[in-house]
Amino acid sequence: MTIIAPSLLAADFANLQQEVEQVTEAGAQWLHFDIMDGHFVPNLTMGPATVAALRSKSKLVFDVHLMLARPQDFIEPFARAGADIITVHAEACIHLHRVLQQIRTAGCRPAVALNPATPLYVLDYILDEVDMVLLMTVNPGFGGQDFIPAVLPKIAALAQRFKQEQRNLLLQVDGGITPETAALVCRAGANVLVAGSAIFGCPDRIGAVNSLIQAAGIMETS
């Protein structure tokens, strides 16, 4: 089953609890937190306090995506704040294997992200340490960007590798996800869709989530 993970980067920050309640009612399974430091990416967003404030308000899976120059310094704070999954960028980690182990030791599920131009061979020696791989379908740092079609063969290649190696790992995509691109990435093998503007930019949140669900080929179970 494909998982829908609304990205709070596109939400109304003055009404985050209400935004979370709306996407929960709409059928989202996860919440995606884009954590940016103004160094690894040219933007500055939220921190552990935001995650902690929402943790008591939601039972959804908290999917925390660290777009930070030194992610290893923030594993413990986000774990204590209530993260369920912590994703770090391979490009930001000199000692990637160690950081992934640090995430699991902190009690969270580890994941690794690759930027569009980062080759898949970077994953060769760390797949045993992760529960999910995130393939960016835009260059990270800003919401509302256009999907990069060149990443589709990369998604398909990684999905095929998981199948050949019998790895039960999640394959997440993030960036420019709309009903149209959702169909493309799911056909390529993605099973976790991060969507910001396509959900929070639409007044009808239930309709927006349902459009992604339908595009991904998910049968409604309600």
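This is a short tour of the sheet and of helices packed around it. The model is predicted.

**The sheet**

Start by selecting the strands. There are 8 of them in an open sheet, and the pairing is parallel. Follow the order β1-β8-β7-β6-β5-β4-β3-β2. Two strands sit at the edges, β1 and β2 (30-36), and each pairs on one side only. From one strand to the next, the twist averages 25°.

**The edge at β1**

Select residues 3-6, which make up strand β1. Show the side chains. I3 and A5 point one way, while I4 and P6 point the other way. Buried or exposed? All four named residues are buried.

Now add residues 192-195, strand β8. β1 and β8 pair in the parallel sense, over 4 bridges. To find the register, pick I3: V192 of β8 stands opposite I3.

**β3, β4 and a helix on the sheet**

Move along to residues 61-67 (β3) and 85-89 (β4). This pair is again joined in the parallel sense, with 4 bridges. Pick L66 and look across to V88 in β4, which stands opposite. Next select residues 96-105, helix α4. α4 packs on the sheet and touches β4 and β5 (109-114). The direction of α4 makes about 145° with that of β5.

**α6 against α8**

Select residues 179-188 for α6 and 205-215 for α8. Their axes come within 8 Å and cross at roughly 30°. That angle is under the 35 degrees that counts as roughly parallel, so α6 and α8 are roughly parallel to each other. The crossing of α6 and α8 is right-handed.

Which residues of α6 meet α8? Show P179, A182 and A183 on α6, then S211, L212 and A215 on α8. This contact divides into 5 nonpolar residues, 1 polar and no charged.

**α1 against α8**

Keep α8 on screen and add residues 16-26, helix α1. α1 and α8 pack at an angle of about 50°, with axes 8 Å apart. α1 is therefore oblique to α8. The crossing of α1 and α8 is right-handed.

Show the side chains of E19, Q22, E25 and A26 on α1. Their partners on α8 are R205, I206, V209 and N210. How do the residues of this contact divide? The contact of α1 with α8 has 3 nonpolar, 2 polar and 3 charged residues.

**Last view**

Finish on α8 with both neighbours shown. S211, L212 and A215 meet α6, whereas R205, I206, V209 and N210 make the contact with α1.

Note on methods: Residues are numbered from 1 along each chain as its sequence is written. This is a predicted model: local features need pLDDT of at least 70, side-chain atom pairs count only at pLDDT 80 or more; totals for chains, interfaces and linings use all residues. Side-chain values use heavy atoms; hydrogens and water are left out. Buried means under 20% relative accessible area, exposed over 50%, partly exposed in between (1.4 Å probe, protein chains only). Two strands pair if DSSP finds at least two bridges between them. Axes are lines fitted to C-alpha atoms, for helices over the stretch in contact, and angles run from 0 to 180 degrees between N-to-C directions. Angles under 35 degrees count as roughly parallel, over 145 as roughly antiparallel, 65 to 115 as roughly perpendicular and the rest as oblique. A crossing is left-handed if the near helix is turned anticlockwise from the far one by less than a right angle, and right-handed if clockwise. Contact means heavy atoms within 4.5 Å. Ala, Val, Leu, Ile, Met, Phe, Trp, Tyr, Cys and Pro count as nonpolar, Asp, Glu, Lys and Arg as charged, and the others, Gly among them, as polar.
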